[in-house]
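Q: I would like to learn how to read a few features of a protein model. Could we start with enclosed spaces and what surrounds them?

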Amino acid sequence: MKVEFAPLNIPLARRLQTAAVLQWVLSFLLLAQVCTGIIVILILHNYWFLYIPYLTWLYFDWSTPEQGGRRSNWVRNWTVWRYFKDYFPIHIIKTQDLDASHNYIFGFHPHGVLVAGAFGNFCTDHSDFKELFPGFTAYLHVLPFWFRCPLFREYLMSSGPVSVSKKSVSYVLSKEGGGNISVIVLGGAEESLDAHPGKFTLFIRQRKGFVKIALTHGAYLVPVFSFGENELFKQINNPEGSWLRAVQEKLQKIMGFALPLFHARGVFQYNFGLIPYRKPIHTVVGHPIPVHQTLHPTPEQIEELHQTYMEELRKLFEEHKGKYGIPEHKTLIFK
């Protein structure tokens, strides 16, 4: 295999963009383990004056990820996130104005490997979200696992993510006055195992909890499709029924998150590495689906709204796929 190296005269901006994306990838792959290791080292060496105050504070702060989190505008405005956004680049497209007197659930699709579009658009202040949706606050819901990692949880919450637990989503949607958006990557960890370039497989048919909670709170549903999300990495072939897929699914059930074996480009060469490819991401926010508050929705009501949501999601994909280079014969596959 011929290795294609990056040219030496790369502009400074592109180098900074690559560094920003590398920092983001490593933060999710290594930082949680490093932070946990720091706490273990402090305990083993009995630096009690450092770990006792932190663990005490952690005990009282444990529920914060389920109560709106603790975002920092300073962190969300870090220049590194601007370079991160410009690397791909990441865009957000609005198809219709939203009424700020309502609360919303954005169903984000697809998961991809590391949901770069969701992070870039909803966890930094360098996207066009504020300009397109003035008066709104978006909360990206992620796996509770990440908030169990000491120290790393503080870094993660500072960008705005909160837990994806039912209690956390209810907290956001219960806020009075409207203008709050729960962004939920509905396919979850399971969908990341099907995040291959050119594939559009969504795990949505059995995901109905978001519909029930939308009915309970009267939150409007909005399908969101992020074109380009699955093009950022390549995965080792893992078709359903293969031994690799069986192992990945088993680990996902045990740990709560998936382990896709992915690769893309490197820092100095384009053939292999963990840095995502420079592929544009266009996150298209669809039309809102009005939801009448029903405190005790019936299975029939949940099923009806769920079908409506899937129809709107498919319509959104079909309407915009041609703009982003997707062949006419390609369509969504719902699992």
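Q: Which residues line the largest cavity?

A: This is a predicted model, and every answer here concerns that model. The lining of the largest cavity consists of Arg76, Asn121, Phe122, Thr124, Asp125, Ser127, Phe129 and Lys130. Helix H5 (116–122) and helix H6 (129–132) each supply at least two residues of this lining. The volume of the largest cavity is about 40 Å³.

Q: How many residues of each class are in that lining?

A: The lining of the largest cavity has 3 charged, 3 polar and 2 nonpolar residues.

Q: How many cavities of 30 Å³ or more are there?

A: The count comes to 2 cavities of 30 Å³ or more. The second largest cavity also has a volume given as about 40 Å³. Trp24, Ser27, Phe28, Trp81, Phe119, Tyr155, Leu156 and Ser159 line the second largest cavity. Helix H1 (12–44) and helix H7 (152–158) are the elements that give two or more residues to that lining. H1 gives the most, with 3 residues. By class, the lining of the second largest cavity divides into 6 nonpolar and 2 polar residues, with no charged ones.

Q: Next, strands. In what order do the strands of the open sheet come?

A: To read a sheet, go from one strand to its neighbour across the sheet, not along the chain. Here 7 strands form an open sheet in the order S1-S10-S7-S2-S5-S3-S4, with mixed pairing. Strand S1 (90–94) and strand S4 (162–163) are the edge strands, each pairing on one side only.

Q: What does "mixed" look like at S7, parallel or antiparallel?

A: Each neighbour has to be taken in turn. Strand S2 (residues 104–109) pairs with S7 in the parallel sense over 6 bridges. Within S7, Pro223 is the bridge partner of Gly107. Strand S10 (residues 281–285) runs antiparallel to S7, and 4 bridges join the two. There, Val224 stands opposite Val285 in S10.

Q: Why is strand S7 described as largely enclosed by the rest of the structure?

A: The test is residue by residue: a residue is buried when its relative accessible area is under 20%. In strand S7 (residues 220–227), 8 of the 8 residues are buried, so the strand is largely enclosed by the rest of the structure. The side chains can also be sorted by direction. Tyr220, Val222, Val224 and Ser226 point one way from S7, while Leu221, Pro223, Phe225 and Phe227 point the other way, and all are buried.

Q: What happens at the S4 edge, and which helix lies across S4?

A: Strand S3 (residues 137–142) runs parallel to S4, and 2 bridges join them. One position to look for is His141, which stands opposite Val162 in S4. Helix H8 (residues 166–173) lies across S2, S3, S4 and strand S5 (180–185), and runs at about 150° to S5.

Q: Last, a single residue. Where is Asp194, and is Asp194 buried or exposed?

A: For a residue, look up its place in the chain, then its accessibility, then its contacts. Asp194 sits in the loop between helix H9 (188–192) and strand S6 (201–202). Its relative accessibility is 3%, so Asp194 counts as buried.

Q: Which residues is Asp194 in contact with, leaving aside neighbours within four places in sequence?

A: With those neighbours left aside, Asp194 is in contact with Lys199, Thr201, Phe203, Gln235, Glu240, Arg245 and Lys335.

Conventions
Residues numbered from 1 in each chain as written. Predicted model: local features only at pLDDT ≥ 70, side-chain atom pairs only at ≥ 80, totals over all residues. Heavy atoms only, no water. Buried < 20%, exposed > 50% of the residue type's maximum accessible area, 1.4 Å probe, protein only. Pairing = 2+ DSSP bridges. Contact = heavy atoms within 4.5 Å. Axes fitted to C-alpha atoms, helices over the stretch in contact; angles between N-to-C directions. 1 Å grid on protein atoms, 1.4 Å probe; cavity = no way out; pocket = protein on both sides within 12 Å on 5 of 7 lines; lining within 4 Å. Points joined across faces, edges and corners; volume = space filled by probe spheres on them. Nonpolar A, V, L, I, M, F, W, Y, C, P; charged D, E, K, R; others polar.
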